[in-house]
Amino acid sequence: AEGFNCDGECVIGEDCLGVCGGDAEEDCSGECNGGAEYDECGECNGDGATYECFDGSLACNAAGCTDGAILSFGGVSGNTVQVLYASSEDMGGIQFSISGADVTGAEGGASAEAGWTVSTSSTTWIGFSFSNTTIPSGSGVLTELSFSGDGSEICFTEAVVSDQLGASVETTFGDCVLPDPVYGCTDIDACNYDSEANTDDGTCDYPAEGFSCDGQCVIGEDCL
C-alpha cells in the first residue's frame, strides 16, 4: 500500500497517533492533537505579556519595556488641574510648559512630598531638589496647578525630565485637557469682573459714562 514497504512497514513516518503519513501533531505541551500554543513570550500555554511597564503597557519582562517618562493631565476641578507622571527612571528634576491658560500657582503631589523647590511663571513649572532628592520611578501625581484662562484647551508645549545625575530622560506628554466651565463676567473692565471665571455668562456690569464703578465722577465736575 502507499506509504508502506513489502513487509508492511510504514516508510513515510507516522504521526503522534501512529497513523502512517498522518498529520496529527503534538502541541507544545506534548499532547497529541492538543490545543496548547506558545504565547508571544515563548511560554507554552502562557498568559502572554503580563509585566506592566511604567507607562501602563504590557511586556514579557522588564527588558521588554521602553525607558522614558510621560507627563499628562489628570483630573480638572474648577481652575485647578493635576499633572501626572510616569517614569522608568528616578527623577531629579522636571520642567514643563503649557499653553491655553496662565499658571497662577502649584502645590501638592510627589514634588511637594520630595521637598522639591518649585517655581512657576505664567506658562512654565520647574521643580528640582538642592539636596539631590529624587522622585522614585513609577507613576503618580506630580503637582496640582492653579490656572486662569478663557476656557480654551490646556496643552503641554514642552517637557524635560532629568535623572538623578542630570541626564535627560526621553520625555513625551499626553493629550490636551478642556477645563470645566466657570461662569461669570470675564471682562476685566467690568465692575463685576470675576477673576475665577473662564466662561462669560453675559452678566458684566459697567458704570455710567464718566463714572467709576464706585459712582465717582472720573472726568471732572463743573462749578455746579
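Buried means under 20% relative accessible area, exposed over 50%, and partly exposed in between, with a 1.4 Å probe and protein chains only. The model is predicted: local features need pLDDT of at least 70, side-chain atom pairs count only at pLDDT 80 or more, and totals for chains, interfaces and linings use all residues. Residues are numbered from 1 along each chain as its sequence is written, and side-chain values use heavy atoms, with hydrogens and water left out.

**Exercise 1. Classify cysteine 32 by accessibility and find its disulfide partner.**

Step 1. Cysteine 32 has 23% relative accessibility, so it counts as partly exposed.

Step 2. A disulfide is a pair of cysteine sulfur atoms within 2.5 Å. The partner is cysteine 16, with an S to S distance of 1.9 Å.

Step 3. The link of cysteine 16 and cysteine 32 is right-handed, with 70° about the S-S bond. Both cysteines lie in the segment before β1 (51–52), 16 residues apart.

Step 4. Cysteine 16, at 32% relative accessibility, also counts as partly exposed.

**Exercise 2. State how many disulfides the structure has, and explain why cysteine 6 has no bond to cysteine 20.**

Step 1. The whole structure contains eight disulfides.

Step 2. Cysteine 20 holds the closest cysteine sulfur to that of cysteine 6, but the distance is 14 Å, which is too far for a bond.

Step 3. Cysteine 6 is exposed, at 87% relative accessibility.

**Exercise 3. Describe the disulfide of cysteine 155 and cysteine 176.**

Step 1. The sulfur atoms of cysteine 155 and cysteine 176 are 1.9 Å apart.

Step 2. The torsion about their S-S bond is about 110°, so the disulfide is right-handed.

Step 3. Strands (E, at least two residues) are DSSP runs, numbered from the N terminus. Cysteine 155 lies in strand β10 and cysteine 176 in the loop between β12 (171–173) and β13 (183–184), so the pair ties together parts 21 residues apart in sequence.

Step 4. The two ends fall in separate classes: cysteine 155 is buried at 15%, and cysteine 176 is partly exposed at 36%.

**Exercise 4. Classify the ring pairs that phenylalanine 156 makes with phenylalanine 73 and with phenylalanine 96.**

Step 1. Rings of Phe, Tyr and Trp (its six-membered ring) pair if their centres lie within 6.5 Å; planes under 30 degrees apart are stacked, over 60 edge-to-face, and the rest tilted. The structure holds five such aromatic pairs.

Step 2. Phenylalanine 73 and phenylalanine 156 have ring centres 4.1 Å apart and planes at 10°, so this pair is stacked. Phenylalanine 73 is in strand β3 and phenylalanine 156 in strand β10, so the pair ties together parts 83 residues apart in sequence.

Step 3. Phenylalanine 156 is buried, with a relative accessible area of 6%. Its ring centre is 5.6 Å from that of phenylalanine 96 and the planes are at 80°, so the pair is edge-to-face. Phenylalanine 96 is in strand β5, 60 residues from phenylalanine 156.

Step 4. Ring pairs join Phe73, Phe96, Trp125, Phe156 and Phe173 into a cluster.

**Exercise 5. Place threonine 124 in its strand and list its contacts.**

Step 1. Threonine 124 belongs to strand β8 (residues 124–128) and is buried, with a relative accessible area of 14%.

Step 2. Contact means heavy atoms within 4.5 Å. Leaving aside neighbours within four places in sequence, threonine 124 touches Gln95, Phe96, Ser97 and Ser119.

Note on methods: Helices (H or I, at least four residues) and strands (E, at least two) are DSSP runs, numbered from the N terminus.
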